[in-house]
Amino acid sequence: MAPLDAAFSHAIYDAAVRRWLTINHLLSSVSNVDRRRLEPTVHAALLCGAAQILFMDRVPAYAAINEAVELVKRVASRGAAGLVNAALRRVAEHIAPDQGAPAQGDPATTAPGGLLPQDAIPLDDGRMLRLTRPLLP
């Protein structure tokens, strides 16, 4: 594998593992995916595709979705590929178009009691990824 491809693969893996619970929660919130019934490779494709959509600004959502679907077509069934396509499209649809959110901890973005709002995912650089509606606990 070329060094750039290896670095990109590692970045996807890192984002998926570090944000595993958030990604699974969002997938369950926006689709009827029961990850306990999925083949491990299909679940991995969902995790990696969603990680790219949510946490990798330079990867267009359509590219992440396409790659995940093509992978699942090769290793699983066409039905599973359709499920991955639908679930990842729903994740992408729930990202708010305006991402100029203030930094974490700003009184305008913090709920009473210092809790984070249910429509934002904190990012490593202090920004928040805004969602179109409250999906987080």
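The legends below describe views of a predicted model of one protein chain.

**Figure 1. Overview of the chain and its secondary structure elements.**
The chain holds five helices and two strands. Read from the N terminus, the order of the elements is α-α-α-α-α-β-β, with the two strands following the five helices. Of the 137 residues in the chain, 38% are buried. Among contacts in the chain with a separation of 6 or more, 60% are between residues 24 or more positions apart. The exposed area of the chain is about 8,100 Å², and 56% of this area comes from carbon and sulfur atoms.

**Figure 2. Close-up of helices H1 and H3.**
Helix H1 spans residues 3-18, and helix H3 spans residues 40-55. The two axes come within 8 Å and cross at roughly 90°. An angle of 65 to 115 degrees counts as roughly perpendicular, so H1 and H3 are described as roughly perpendicular to each other. On the H1 side, the contact is made by Phe8, Ile12, Ala15 and Ala16. On the H3 side, the residues are Leu47, Cys48, Ala51, Gln52 and Phe55. Sorted by class, the contact of H1 with H3 has eight nonpolar residues, one polar residue and no charged residues.

**Figure 3. Close-up of Gln52 in helix H3.**
Gln52 belongs to H3 and is one of the H3 residues that meet H1. Its relative accessibility is 9%. Buried means under 20%, so Gln52 counts as buried. With neighbours within four places in sequence left aside, Gln52 is in contact with Phe8, Ile12, Val59 and Ala64. Phe8 and Ile12 lie in H1, and both are among the H1 residues that meet H3.

**Figure 4. Close-up of helices H4 and H5.**
Helix H4 covers residues 61-75, and helix H5 covers residues 78-93. Their axes come within 8 Å and cross at roughly 160°. Angles over 145 degrees count as roughly antiparallel, which means that H4 is roughly antiparallel to H5. The crossing of these two helices is right-handed.

**Figure 5. Residues at the contact of H4 with H5.**
H4 contributes Ala61, Ile65, Ala68, Val69, Val72 and Lys73. These meet Arg78, Ala80, Ala81, Val84, Asn85, Leu88, Arg89 and Ala92 in H5. By class, this contact has ten nonpolar residues, one polar residue and three charged residues.

Key
Residues are numbered from 1 along each chain as its sequence is written. This is a predicted model: local features need pLDDT of at least 70, side-chain atom pairs count only at pLDDT 80 or more; totals for chains, interfaces and linings use all residues. Side-chain values use heavy atoms; hydrogens and water are left out. Helices (H or I, at least four residues) and strands (E, at least two) are DSSP runs, numbered from the N terminus. Buried means under 20% relative accessible area, exposed over 50%, partly exposed in between (1.4 Å probe, protein chains only). Contact means heavy atoms within 4.5 Å. Accessible areas come from the Shrake-Rupley method with a 1.4 Å probe; for residues, only the protein chains shown count as cover. Axes are lines fitted to C-alpha atoms, for helices over the stretch in contact, and angles run from 0 to 180 degrees between N-to-C directions. Angles under 35 degrees count as roughly parallel, over 145 as roughly antiparallel, 65 to 115 as roughly perpendicular and the rest as oblique. A crossing is left-handed if the near helix is turned anticlockwise from the far one by less than a right angle, and right-handed if clockwise. Ala, Val, Leu, Ile, Met, Phe, Trp, Tyr, Cys and Pro count as nonpolar, Asp, Glu, Lys and Arg as charged, and the others, Gly among them, as polar.
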